[in-house]
Amino acid sequence: MGKGFDKLKTFGSLKELESATGERFEMYAQVMLSLIHSNYIGTRIHKDDGIDGILLLRECGSGDPRIYSIYGPEKGTGWNSKFPKIKYDIARIKEFTEGKFKDYTICFVFNFKPAGEELIELNNYCNSEGVKYVFLYPDKLFNELEGSTKLINAIAFLDGIDDEGRELTDWNNHIFAGKVLEILCQINESDDDIVDKLQTILILKYKLLSYLPSKVVKLTTDFKNTVFVLPKKKLFKEMTTVNQGCRTVYIYDKKKRKINQFSEESYKNISGKKLELTPTLFKLEQGLFAIKIEDLYVIFFLLNQCYAQLENKGKFSLSKALWFAEYFENAELIRKAK
C-alpha cells in the first residue's frame, strides 16, 4: 500500500481523530498505540498515577522505557489552559518513575500539534525538569502506520467505533461517575423487580470500589452479606480524586429523568462561574440539580442512598438521594465553619 494511497484512505479517519477530545480521544489513541507497538501496555489513569501507557524496553530503540501521557483537550482550549495540565502530568510521571526507572522518555500524545511559542515553552520546561520527551499528534500517529496492514485495523476502528459492551471501570473516574448516574436513571424507570435493581446497585458499588487501592478496601462476608470496610471519608475522597484535575459537572433533569455532562471549561462558558467556587451539589433551577465530580465519594453516597430507599420502600428517587447528599454536605460545611 503506497503512502499516497494511505493518505487518501486515512483522510476521514484522521479528521475523526483530530476532532476527538477527552476520553474518546484517549480511547482512539490507546488503540492506535497498541497497533503501532506490539509491546505497548495501556493503563487506566485512575489506577496508574497519571501514566496512560508504557512501552517495554526492546521496542524503544534507546533501551529506556517510554512513558505515555495522552491529552485531548476540547477545541478552543488555549495554551494557558493546556500547559498547566501538561506540567501536572510531568510531575505525576516523575513521582511514578522515581525508584523504578533510572532513565525514561515521556511521549505526549496530543489531539493538537504544538508549534511556535508553545513548543519552545514545552521544550524549555522539560529541559529545566531534566525530562526527555517526544510527542505524537493525529497526523503523526497515522504516519507511524503508513504502509502497514495494521492501518486497515486503525481505519476500521475509527470509522466504526462503538463503546457498547466496554467495561464500566475502563473509564476515567469522572466519566465512570456519569455512567453510574445514567444507570440509576435507567433502572429507576425500568420494570425490573426490586431484587434485580438492588443487585444492579450493589454491582455498581463493587465497581466503584475498584477505583480505590486494594490495600485499603477490606471485604468480609457473613452468611448473608458482603461487608465493605472502607477508609475514612477524607481518605476515600483523596484516593478517588478525579484524574489529573479533569473535573466534570453532571446536570440531573428531574422532569426528563436525564443526565447531561459538562466539562469544567464548558460549564464555565455557559454559567460564567468557576467550578472551584461551586459546592459538590447545588440546585440550578426548578427540577435541575448539578453534581460536581471531584472524587467518587458523592457517587458512593448516592448509591447507598438509592439502595436504602429501594430496600425500605420498594422504590427510590434520585432527586431525594441528591437532596440528602446536599443536606449532609451543607451540614458538614457549617460544622467546619464553627
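Which elements make a right-handed β-α-β unit with S4? In this predicted model, the partners of S4 are helix H4 (residues 117–128) and S5. The close-ups below start from this unit and then turn to the aromatic rings.

**View 1. S4, H4 and S5 form a right-handed β-α-β unit.** Strand S5 covers residues 132–136 and pairs with S4 in the parallel sense, over five bridges. To find your place between the two strands, look for Ile106, which stands opposite Tyr133 in S5.

**View 2. S3 and S4 run parallel and are joined by six bridges.** A handy landmark here is Tyr68, which stands opposite Cys107 in S4. Between the two strands the chain passes through helix H3 (residues 79–97), and this β-α-β crossover is right-handed.

**View 3. Strand S4 (residues 105–110) is mostly covered.** Six of its six residues are buried. Follow the side chains and you will see Thr105, Cys107 and Val109 pointing one way from S4, while Ile106, Phe108 and Phe110 point the other way.

**View 4. Tyr40 and Tyr68 make an edge-to-face pair.** The model holds 15 aromatic pairs, and a pair of rings is described by the distance of the centres and the angle of the planes. For Tyr40 and Tyr68 the centres are 5.1 Å apart and the planes meet at 90°; planes over 60 degrees apart count as edge-to-face, so this pair qualifies. The two rings link distant parts of the chain, 28 residues apart: Tyr40 belongs to strand S1 (residues 40–42) and Tyr68 to strand S3 (residues 66–71). Both tyrosines are buried.

**View 5. Trp323 and Phe324 form another edge-to-face pair.** Their ring centres lie 5.2 Å apart, with 75° between the planes. Are these two residues buried or partly exposed? Trp323 has a relative accessible area of 43%, so it counts as partly exposed. Phe324, at 27%, is partly exposed too, because buried means under 20%.

**View 6. A cluster of aromatic residues is linked by ring pairs.** Its members are Tyr71, Phe108, Phe110, Phe112, Tyr133, Phe135 and Tyr137. You have already met Phe108 and Phe110 as buried residues of S4, and Tyr133 as the residue in S5 opposite Ile106.

**View 7. Lysines lie over the faces of Phe112 and Phe135.** Lys82 lies over Phe112, at 3.8 Å from the ring centre. Over Phe135 you will find Lys140, at 5.7 Å from the ring centre. Both phenylalanines belong to the cluster of the previous view.

Terms used. Residues numbered from 1 in each chain as written. Predicted model: local features only at pLDDT ≥ 70, side-chain atom pairs only at ≥ 80, totals over all residues. Heavy atoms only, no water. Phe/Tyr/Trp six-rings, centres within 6.5 Å; stacked < 30°, edge-to-face > 60°. Helix = DSSP H or I, 4+ residues; strand = E, 2+ residues; numbered from the N terminus. Buried < 20%, exposed > 50% of the residue type's maximum accessible area, 1.4 Å probe, protein only. Lys NZ or Arg CZ within 6 Å of the ring centre and 35° of its normal. Pairing = 2+ DSSP bridges. Right-handed = clockwise from strand over helix to strand, strands pointing away.
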